[in-house]
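User: Please take a close look at a single part of this model. I should then like a connected account of the surroundings in which that part is found, including the contacts between the components.

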Protein chains: 2
Amino acid sequence: MRPSTSPGAGREHTPGPRPRLSRELIAETAIGLAEHEGVRALTMRRLATRLSVAPGTLYTYVSGKDDLELLVLDTLVGQQDRLPHTLPGTWREQVEAWAKNDWDGYVRHPWVMELRFRVSGGGPNMIAWLDSALRVFEGTGLSDRQRLDVVETVDGFVRGSAVLHLRSDDAMTGGATAPTPEMRTALGEAPDLVAALTARAAGPTTDRFEFGLRCLLSGVQEVIDAADRP
Amino acid sequence: MRPSTSPGAGREHTPGPRPRLSRELIAETAIGLAEHEGVRALTMRRLATRLSVAPGTLYTYVSGKDDLELLVLDTLVGQQDRLPHTLPGTWREQVEAWAKNDWDGYVRHPWVMELRFRVSGGGPNMIAWLDSALRVFEGTGLSDRQRLDVVETVDGFVRGSAVLHLRSDDAMTGGATAPTPEMRTALGEAPDLVAALTARAAGPTTDRFEFGLRCLLSGVQEVIDAADRP
DNA sequence: GGTATTTCTGAACACTGTTCAAAATTATAA
DNA sequence: TTATAATTTTGAACAGTGTTCAGAAATACC
């Protein structure tokens, strides 16, 4: 009923026809589909077509679309080559590296974020990643709970920052669509916003993600210092 | 073709039947629908049924579902009773109040977040809110661009933190659904994570949102101090 | 060979957003 | 008053979605 494991998982001597698909193949194909045709094209039918298979077939490998999306996310996490706690440097350098890496991934592949905010729960790779992120703070005097707080805070910041980076810029000013008359009047009554937007557009691309990350990590540093020698 | 304004907007003496609906009524009904039956029940047809109207009728008030979702979000923002810069206290107290308020809203009405991460662009109320948030930093020595950076950083943090608060807790440990055997083995190889989760479950609900917010604002404070007297 | 077990198919179901000609309704001009 | 033009509403339709399920096809074990 809820096959979250591939059909021929354990051994190869179950009766019935050989499975022509696998969870891994489905995940890779789904990623390719989302990458090339957008996340809106990631439908069961299109995926089945790409795999030269009837739509219903997918349901022997995946319990539904939610499960598929979770599988895709978990596969992507598993494709990262280095876990956080294996990175070089201090805890702060490790966090900066992992955060920057995640942020790059989100910005380069915006469709991933759309999934991240819809999918709930986590797969094995996500769990492994989270555990590794916790180990980054082994040297510091933070408690178990504080470590989890910090990791989730940073992770949440990265996601929130990435989605704003992709959305607000062109959307607020009306980049793609022509600005509605309503919007024009609203902007007319928002002088500070217009000033800030034009200032940003004029100058070079100051990386406000790194700016925010520095702010956040400085705050974490304070907590660590306080916890280290009370 | 793209009616982002209500039909009988300007005056009441245009020919044709009196509009039985309005953008406001549609927004309120949509909010009620999402609130009571979940955001997945917010479909054009159900909304039309609730309004005792044919599905196609909605398209004279709203250009499509994207526009409807944006309208819902903008309406919610407009329902907030106080704009950030009208709150009492220092910039830091104002930011804390607005961030906490937003966070409460997201946690209390999780369906709002699901929209926030799908909808791009902003309506008049969102623009007004953003402008108000910028004015919070009028006393500080921050530049226009820095102010926008800070506001977006805080806003992104709030969203990211809220989505994690709603997702990771019960989902990771398998709150709703029974934990898959795969998950159990994955958790077996993640001792730090298990320790942190149990520690969190055992103790009282330490508000890790406020923890992260304090971290972030401490970092912002540093930047302001640096900008104030160089 | 027979049997049990599994995978795969193809059709169906109940939805979804969206479009569009025609009908119904109203304000203004003749 | 009647006619005209403009606008809203309708109901049906289209293409697409996730999901289910009886039956057909394929394989390992006895």
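Analyst: A polar contact is here a pair of N or O atoms within 3.5 Å; within protein, one of the two must be able to donate a hydrogen and the other to accept it. The model is a predicted one.

The part chosen is A:Thr140, which sits in the loop between helix H6 (124-135) and helix H7 (144-173) of chain A. A polar atom of the A:Thr140 side chain lies 2.8 Å from the backbone oxygen of A:Phe137. Is A:Thr140 buried or exposed? Buried is the class for a residue under 20% relative accessible area, and A:Thr140 counts as buried because its relative accessibility is 10%. When neighbours within four places in sequence are left aside, A:Thr140 is in contact with A:Trp91, A:Arg147 and A:Ile224.

Two cysteines can be set beside this threonine. A:Cys215 has a relative accessibility of 3% and therefore counts as buried. B:Cys215 is likewise classed as buried, at 3%. Over all chains, the search of the whole structure finds zero disulfides.

The account now turns to the protein-protein contact. Chain B contributes 69 residues and chain A 68 residues to the contact. Between them the two chains bury about 5900 Å², with 66% of that area on carbon and sulfur atoms. On the chain B side, B:Phe117, B:Ile127 and B:Arg145 lose the most area to chain A, and together they make up 12% of what that side buries.

The DNA is taken strand by strand. Around DNA strand C there are 27 residues, of which A:Pro7, A:Pro17, A:Arg20, B:Arg45 and B:Tyr59 come nearest. Of the strand C atoms that come within 4 Å of the protein, 67% are accounted for by sugar and phosphate. Helix H2 (residues 44-50) of chain B supplies the largest share of the surface near DNA strand C, three residues. That surface divides into 11 nonpolar, 10 polar and six charged residues.

Backbone atoms of both protein chains approach strand C. A backbone N or O atom of A:Pro15 is 3.4 Å from a sugar or linking oxygen of DNA strand C. For A:Gly16, a backbone N or O atom is 3.4 Å from a base oxygen of DNA strand C, and for B:Gly16 the corresponding distance to a base oxygen is 3.1 Å.

DNA strand D also has 27 residues around it, with A:Arg45, A:Tyr59, A:Lys65, B:Pro7 and B:Arg20 coming nearest. Sugar or phosphate provides 68% of the strand D atoms within 4 Å of the protein, and bases provide the rest. For DNA strand D, the largest share of the nearby surface, three residues, comes from helix H2 (residues 44-50) of chain A. By class, the surface near DNA strand D holds 11 nonpolar, 10 polar and six charged residues.

Chain A reaches strand D through backbone and side-chain atoms. A backbone N or O atom of A:Gly16 lies 3.0 Å from a base oxygen of DNA strand D. In the side chain of A:Arg18, an N or O atom is 3.2 Å from a phosphate oxygen of DNA strand D. A:Arg45 addresses a base instead: an N or O atom of the A:Arg45 side chain is 2.6 Å from a base nitrogen of DNA strand D.

Terms used: Residues numbered from 1 in each chain as written. Chains lettered and ligands numbered in written order. Predicted model: local features only at pLDDT ≥ 70, side-chain atom pairs only at ≥ 80, totals over all residues. Heavy atoms only, no water. Near = heavy atom within 4 Å. Helix = DSSP H or I, 4+ residues; strand = E, 2+ residues; numbered from the N terminus. Nonpolar A, V, L, I, M, F, W, Y, C, P; charged D, E, K, R; others polar. Buried < 20%, exposed > 50% of the residue type's maximum accessible area, 1.4 Å probe, protein only. Contact = heavy atoms within 4.5 Å. Disulfide = S-S within 2.5 Å. Buried area = accessible area lost by both parts, 1.4 Å probe.
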